[in-house]
Amino acid sequence: MLTLEQAAALNGSMVTQENLLLHAKNVSYAMGALARHFGEDPEHWQAVGLLHDYDYEKYPEEHLQHTKEPLLAAGVPEEDVRAILSHGWGHCTDVKPETNMEKSLYTVDELTGIIQACARMRPQGIRDLEAKSVLKKFKDKKFAAKCDRELILRGCELLGLELREVTELCLEGMRPHAEELGLLGTEG
Ligand SMILES: [Fe+2]
């Protein structure tokens, strides 16, 4: 099983840009909350979340094509590599999310982007951000326009959860780490 320590070391060997490191951490903490919801191991899911964009900075045009071999060679278990590949389902890979960990990663990768953008513009940041505010911004297609709403809804459907529930879980996972995530808000 991939550990957080291994994931951080491997990710740190490839990812240097601050915004990408923050994205990885947001996804990681959201994954921890989803794991707790499903009664799974939060550290394991967080580790997979942290490592999910391993090759993106170096190969933005060939995302997830430089992931499988190096990670397997580094000793990352096959199921964890598969989970990482499945978050690109339909756009970078044809690996369909099957497990709850895979479905969660697929969904929170995009959803945490909207949450991050919401939190950043508020005085109190993520500290008092509620799911209903995120859902309002979710409907505004011009807000954080790069975050793929259809993909997120497809992910929720795969998970069998409402968008509101997944949003609440992400907030729960991310909120305790507001400072590390730069989400204390404009008055933070
Ligand atoms: Fe990502």
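This section describes the metal site, the internal spaces, the cysteines and selected backbone features of a predicted model.

The iron ion has four donor atoms. They come from His-23 (NE2), His-52 (NE2), Asp-53 (OD) and Asp-109 (OD), at 2.1 to 2.3 Å. Angles among the donors run from 83 to 174°. The site is irregular. Ideal tetrahedral angles are 109.5 degrees for four donors. A site counts as tetrahedral if all angles lie between 85 and 135 degrees, so the range of 83 to 174° does not meet that criterion. Water is not among the atoms, so sites may look incomplete.

Along the sequence, the donor residues follow the spacing H-x28-H-D-x55-D. Asp-53 sits in the loop between α3 (42-51) and α4 (68-73), whereas Asp-109 belongs to helix α6. The pair therefore ties together parts that are 56 residues apart in sequence. Both Asp-53 and Asp-109 are buried.

The largest pocket holds about 730 Å³ of space. Its lining comprises 21 residues. Nearest the pocket centre lie His-23, Tyr-56, Glu-110, Lys-146 and Cys-147. Two elements, α2 (18-37) and α6 (100-120), each give two or more residues to this lining. Helix α6 supplies the largest share, with six residues. By class, the pocket lining has nine nonpolar, seven polar and five charged residues. His-23 thus appears in two settings: it is an iron donor, and it is among the residues nearest the pocket centre.

The whole structure contains one cavity of 30 Å³ or more. The largest cavity has a volume of about 60 Å³. Its lining consists of Asn-11, Val-15, Leu-20, His-23, Ala-24, Leu-50, Asp-53 and Tyr-56. Of these residues, five are nonpolar, two polar and one charged. Helix α2 gives the largest share of the cavity lining, three residues. The iron donors His-23 and Asp-53 are both found in the cavity lining. Tyr-56 also lines the cavity, and Tyr-56 is listed among the residues nearest the centre of the largest pocket.

A search of the whole structure finds zero disulfides. A disulfide is a covalent bond between the sulfur atoms of two cysteines. For Cys-156, the closest cysteine sulfur is in Cys-170, at 8.7 Å. The reverse also holds: the closest cysteine sulfur to that of Cys-170 is in Cys-156. The cut-off for a disulfide is 2.5 Å, so 8.7 Å is too far for a bond. Cys-156 counts as buried, at 4% relative accessibility. Cys-170 is buried too, with a relative accessible area of 0%.

Two loop residues have positive phi values. Most residues other than glycine have a negative phi. For Leu-64, phi is near 75°. Leu-64 is found in the loop between α3 and α4, the loop that also holds Asp-53. At 6% relative accessibility, Leu-64 is buried. For Ala-144, phi is near 45°. Ala-144 lies in the loop between α7 (131-139) and α8. With 24% relative accessibility, Ala-144 is partly exposed.

Glu-162 occupies the loop between α8 (149-159) and α9 (163-174). Its relative accessibility is 55%, so Glu-162 counts as exposed. The C-alpha atoms of Glu-162 and Phe-138 are separated by 13 Å. Along the chain, Glu-162 and Phe-138 are 24 residues apart.

Methods:
Residues numbered from 1 in each chain as written. Predicted model: local features only at pLDDT ≥ 70, side-chain atom pairs only at ≥ 80, totals over all residues. Heavy atoms only, no water. 1 Å grid on protein atoms, 1.4 Å probe; cavity = no way out; pocket = protein on both sides within 12 Å on 5 of 7 lines; lining within 4 Å. Points joined across faces, edges and corners; volume = space filled by probe spheres on them. Helix = DSSP H or I, 4+ residues; strand = E, 2+ residues; numbered from the N terminus. Nonpolar A, V, L, I, M, F, W, Y, C, P; charged D, E, K, R; others polar. Buried < 20%, exposed > 50% of the residue type's maximum accessible area, 1.4 Å probe, protein only. Donors = N, O, S within 2.8 Å, 3.2 Å for Na, K, Ca; no water. Tetrahedral: all angles 85-135°; square planar, octahedral: opposite > 155°, others 65-115°.
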